[in-house]
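I am opening a notebook on this structure. The entries below record what I looked up, in the order I looked.

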Amino acid sequence: MSLLLSPYEENGLSLKNRVVMPPMCMYKAESDGEVTPFHLVHYTTRAIGGVGLIIVEATAVEARGRISETDLGLWDDAQVPGHQQLVQLCHEYGAKMGIQLAHAGRKSICASSSPVAPSAIAFSATNGYKLPHELSLEELETVKKHFVQAALRATYAGYEFLELHAAHGYLLCEFLSPLSNQRTDKYGGSLENRCAFVLEVAQAILDATKEVPLFVRISADEWMEKGWNVEESIYLSKQLQSIGVAMIHVSAGGNNEAQKMPPLVPLYQAAYAKVIRESVEIPTIAVGLITTAEEGEKLLNGGFCDLVAYGRELLRNPNFVFFTAKDEGKKALIEPSYLRAF
C-alpha cells in the first residue's frame with residue numbers, strides 16, 4: 001500500500017497524505033508585504049491538486065527581515081486578513097496550512113533598510129548584499145518579540161502549524177554557524193551558545209501559541225570546512241525535541257557563497273533527514289530534487305522521513321497527487337471536476 005498517499009497523524013497534525021509543498025519564495029508581494037491575488041491562486045491551485053500539507057513561503061517577521069521588497073510579511077495586523085483568506089481557500093480543498101516565519105538577516109537585499117546579523121560580516125561583496133549591523137543583546141530581545149508577534153498573527157489567521165526558518169543562511173541560521181557568528185557574548189563561541197538564540201525563539205513561540213505545532217527548518221550541513229555540520233545539527237535537534245518542537249524540516253547549505261555543494265542529483269539532501277530522524281525522536285521532512293512518487297515511497301519506506309517535500313515538482317505540476325493517484329489505481333482521490341482528464 002502506498003505510504004505517500006496514506007494519511008498521517010502525529011504530534012497534533014492530521015494530514016490526508018504525506019505530500020508537502022515546501023516554502024518557496026515567489027517574490028510577488030508589494031512593498032506592504034500583503035497577500036496578493038497571485039498568492040491566493042498559487043497556493044489554492046496546489047490545494048485543489050490534492051497536496052496534504054502546504055507551507056507558505058518565507059514570511060518576514062519585521063520589514064527589515066525581508067529577503068527582498070516583494071516578500072510576504074506578518075509584521076503588521078493589517079497583513080492578517082490576506083492570510084486568513086488564503087488559509088480559508090486552501091482549507092476548502094482539504095489542505096492543511098502552515099507558514100514559515102523568517103528573518104533574512106544579512107541576506108536581505110532590501111534597498112529601503114539595512115541588514116542585521118549576529119556579527120558584522122557580509123554574506124557577499126556583490127549582488128546587492130550590504131555589511132550588516134551586529135545586533136545588540138537588547139535588539140535581539142526585540143527580534144525575538146517580532147517572531148512571537150508574527151506567530152500569534154499566523155495562528156489568528158488560521159494556520160494549523162508554524163515553521164521557524166533556521167536554514168539557508170538567514171538570520172537564525174547565521175547564529176548557528178561559527179563562520180557567520182563570531183560573537184563573544186552568550187550567543188557566540190561554543191555550540192551551546194550558538195544554538196541558544198534559535199532555541200529561545202522557538203521556546204518563546206511555543207509558550208505564546210500553546211498547542212500549535214512548531215516545525216523548524218534547518219540546514220543540516222553548510223558544506224564548509226569548519227562550518228556548521230551534521231553532528232551539530234543532531235545536537236540542535238535534540239534540544240529542539242526537549243522543548244517540544246513537532247518536526248524538523250531538513251535541508252542544507254545557503255550560509256556561505258563559497259559553499260562546496262554536492263552534485264545536484266535526485267535525493268541529494270535526503271540522507272540528512274534520515275540521520276536526524278535516527279538520532280532524535282522527532283519526525284522529519286525530506287527535501288532535495290524529489291520529483292517522483294517512487295522516490296517518495298523509497299524515502300518513506302526506507303525510514304528517511306515521515307513527510308516528503310516536492311518543491312520544484314509542485315511548481316511544474318500542481319496536480320502531482322492526481323497523477324500519482326491514477327498510477328496507483330486510486331482515482332477516488334482525484335478532484336471529481338478533473339477526473340475526466342485522468
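Entry 1, the largest pocket. Before counting by helix I note the term: a helix here is a DSSP run of at least four residues, numbered from the N terminus. The model I am reading is a predicted one. I looked up the largest pocket and found about 820 Å³ of space in it. Its lining has 37 residues, and the closest to the pocket centre are Pro-23, His-168, Arg-217, Ser-251 and Arg-312. I then asked which element gives the largest share of the lining. Helix H9, residues 311–316, does so with five residues. Sorted by class, I have 19 nonpolar, 13 polar and five charged residues in this lining.

Entry 2, the second largest pocket. I found about 190 Å³ of space here. Residues lining this second largest pocket include Leu-5, Asn-17, Gly-50, Tyr-93, Val-321 and Phe-322. I noted helix H1 (37–48) and helix H10 as the elements that give two or more residues to the lining. By class the lining divides into seven nonpolar, two polar and two charged residues.

Entry 3, Val-321. I picked Val-321 because it is on the lining list of the second largest pocket, and I wanted its surroundings. I placed Val-321 in helix H10, which covers residues 320–327. Is Val-321 buried or exposed? Its relative accessible area is 4%, and buried means under 20%, so I wrote it down as buried. Leaving out residues up to four places away in sequence, Val-321 touches Leu-5, Asn-17, Val-19, Gly-49, Gly-50 and Val-51. Of these, Leu-5, Asn-17 and Gly-50 also line the second largest pocket. I also checked Val-321 against Ala-167, 154 residues apart along the chain, and got 27 Å between the C-alpha atoms.

Entry 4, the UniProt record. The entry is unreviewed and lists residues 13–322 as "domain: NADH:flavin oxidoreductase/NADH oxidase N-terminal". I computed that this span is 36% helix and 16% strand, and that its end C-alpha atoms lie 22 Å apart.

Entry 5, salt bridges. Side chains of opposite charge can pair when their charged atoms come close. I searched the whole structure and found nine salt bridges. I took Arg-153 and Asp-77, whose side chains meet at 2.8 Å, N to O. Arg-153 sits in helix H3 (residues 137–157) and Asp-77 in the loop between strand S5 (72–73) and helix H2 (80–91), so this pair ties together parts that are 76 residues apart in sequence. Arg-153 is buried at 14% relative accessible area, whereas Asp-77 is exposed at 55%.

Next I looked at Lys-144 and Glu-141, a salt bridge with its closest N and O atoms 3.1 Å apart. These two are three residues apart in helix H3, so about one helical turn separates them. Lys-144 is buried at 12% relative accessibility, and Glu-141 is partly exposed at 35%.

Last, I checked Glu-328 with Lys-330, where the closest N and O atoms are 3.6 Å apart. Glu-328 is partly exposed at 29%, and Lys-330 is partly exposed at 24%. I also noted that salt bridges sharing partners join Glu-141, Lys-144 and Glu-200 into one network.

Notes
Residues are numbered from 1 along each chain as its sequence is written. This is a predicted model: local features need pLDDT of at least 70, side-chain atom pairs count only at pLDDT 80 or more; totals for chains, interfaces and linings use all residues. Side-chain values use heavy atoms; hydrogens and water are left out. UniProt positions are given in the numbering used here, feature names are shortened, and annotations may be inferred rather than shown by experiment. Buried means under 20% relative accessible area, exposed over 50%, partly exposed in between (1.4 Å probe, protein chains only). Contact means heavy atoms within 4.5 Å. A salt bridge is a side-chain nitrogen of Lys or Arg within 4 Å of a carboxyl oxygen of Asp or Glu. On a 1 Å grid over the protein atoms alone, a cavity is a set of points where a 1.4 Å probe fits but cannot get out, and a pocket is an open set with protein on both sides within 12 Å along at least five of seven lines; lining residues have an atom within 4 Å of a point. Grid points are joined across faces, edges and corners, and a volume is the space filled by probe spheres set on the points. Ala, Val, Leu, Ile, Met, Phe, Trp, Tyr, Cys and Pro count as nonpolar, Asp, Glu, Lys and Arg as charged, and the others, Gly among them, as polar.
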